[in-house]
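Thank you all for coming; please take a moment with the sequence and the structure, and then I will walk you through a few places in them.

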Amino acid sequence: MVDTFQLQMNEYLPLRDVVFQTLRQAILKGELEPGERLMEIHLAQKLGVSRTPVREAIRKLELEGLVIMIPRKGAIVADITLSDLQDVLEVRLALEELAVRQACRNYAEEQMTRLKKASDEFKRILYGTDVIAYAEADEEFHAVIYEMTGNRKLVQILNNLREQMYRYRMEYLKDKLSHAQLVQEHEEIVHALEERDEAKAVEIIVLHVERQKQYMIHRLERKN
């Protein structure tokens, strides 16, 4: 087990959430590697907490697909599999298409202003080196689009899917060669939505998701 991560204290969060966020980021950063066992006692001692918040954090990580439970072995960090990737991105693509169509029809001007700011913020953050910050800025951009739909159920479903997408998004954003293309795609999405051009918005979002899918497929095939 890599021992470089530490408890990321936050006085505004319950301890179980602090432990969850600490382990989650350790997995996403690769400090806890695929196939690695998550032993409650060891983690509790390392983080200086009892086993209860560690156990609760592991359960939440399992719900996100970052951890799997193996009979007689316990919790291990989940691999990124081609099958899981394809399943998640197929669902994401269908929902993102619906989201941009609905956003074109329903957005308010204040929301468009927020989307432009989110696009600019994503571009600004890419000049740094914090991959988690990249992912959070990318999530915020898409979250504004979801809100623009005015469909609360769609927003809820997409937000649930977002947790399952986070790991793939992180892996894609680690590739700095993709950054200029991502910025361009975000700007094109903003322009299409501002013009309320559904066909163009769908065309770009399909390309946006498909590029991520092809990158990850190539990466996983190369790894195997």
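**Two cavities and two residues**

Let me begin inside the protein, where the largest cavity is lined by R92, E96, E139, H142, A143, Y146, L158, L161, R162, M165 and R169. The elements that each contribute two or more residues to this lining are helix 4, which covers residues 82-106, helix 6, which covers 131-148, and helix 7, which covers 152-173. Before going on, I should say that what you see is a predicted model, and that everything I describe has been computed from it.

Which of these helices supplies the largest share of the lining of the largest cavity? That is helix 7, with five residues. By character, the lining residues of this cavity divide into five nonpolar, one polar and five charged, and the volume they surround is about 70 Å³.

How many cavities of 30 Å³ or more does a search of the whole structure find? The search finds two, so let me turn to the second largest, which holds about 60 Å³ of space. Its lining consists of R92, D138, R169, Y172, L173, L182, H208 and Q212, and here the elements giving two or more residues are helix 7 and helix 9, the latter running over 198-223. Helix 7 again gives the most, this time with three residues, while the lining as a whole divides into three nonpolar, two polar and three charged residues. If you compare the two lists, you will find R92 and R169 in the lining of the largest cavity and also in that of the second largest.

Now to two single residues, starting with E64, which lies in helix 3, a helix covering residues 51-64. Is E64 buried or exposed? With a relative accessible area of 12%, E64 counts as buried, because the limit for that word is under 20%. Leaving aside residues up to four places away in sequence, E64 touches F20, R24, E163 and Q164.

The other residue is P71, found in the loop between strand 1, residues 67-70, and strand 2, residues 74-77. P71 has a relative accessible area of 62% and is therefore exposed, since that term applies over 50%. To give you one distance to check on the screen, the C-alpha atoms of P71 and L38 are separated by 14 Å, and these two residues are 33 residues apart along the chain.

Conventions:
Residues are numbered from 1 along each chain as its sequence is written. This is a predicted model: local features need pLDDT of at least 70, side-chain atom pairs count only at pLDDT 80 or more; totals for chains, interfaces and linings use all residues. Side-chain values use heavy atoms; hydrogens and water are left out. Helices (H or I, at least four residues) and strands (E, at least two) are DSSP runs, numbered from the N terminus. Buried means under 20% relative accessible area, exposed over 50%, partly exposed in between (1.4 Å probe, protein chains only). Contact means heavy atoms within 4.5 Å. On a 1 Å grid over the protein atoms alone, a cavity is a set of points where a 1.4 Å probe fits but cannot get out, and a pocket is an open set with protein on both sides within 12 Å along at least five of seven lines; lining residues have an atom within 4 Å of a point. Grid points are joined across faces, edges and corners, and a volume is the space filled by probe spheres set on the points. Ala, Val, Leu, Ile, Met, Phe, Trp, Tyr, Cys and Pro count as nonpolar, Asp, Glu, Lys and Arg as charged, and the others, Gly among them, as polar.
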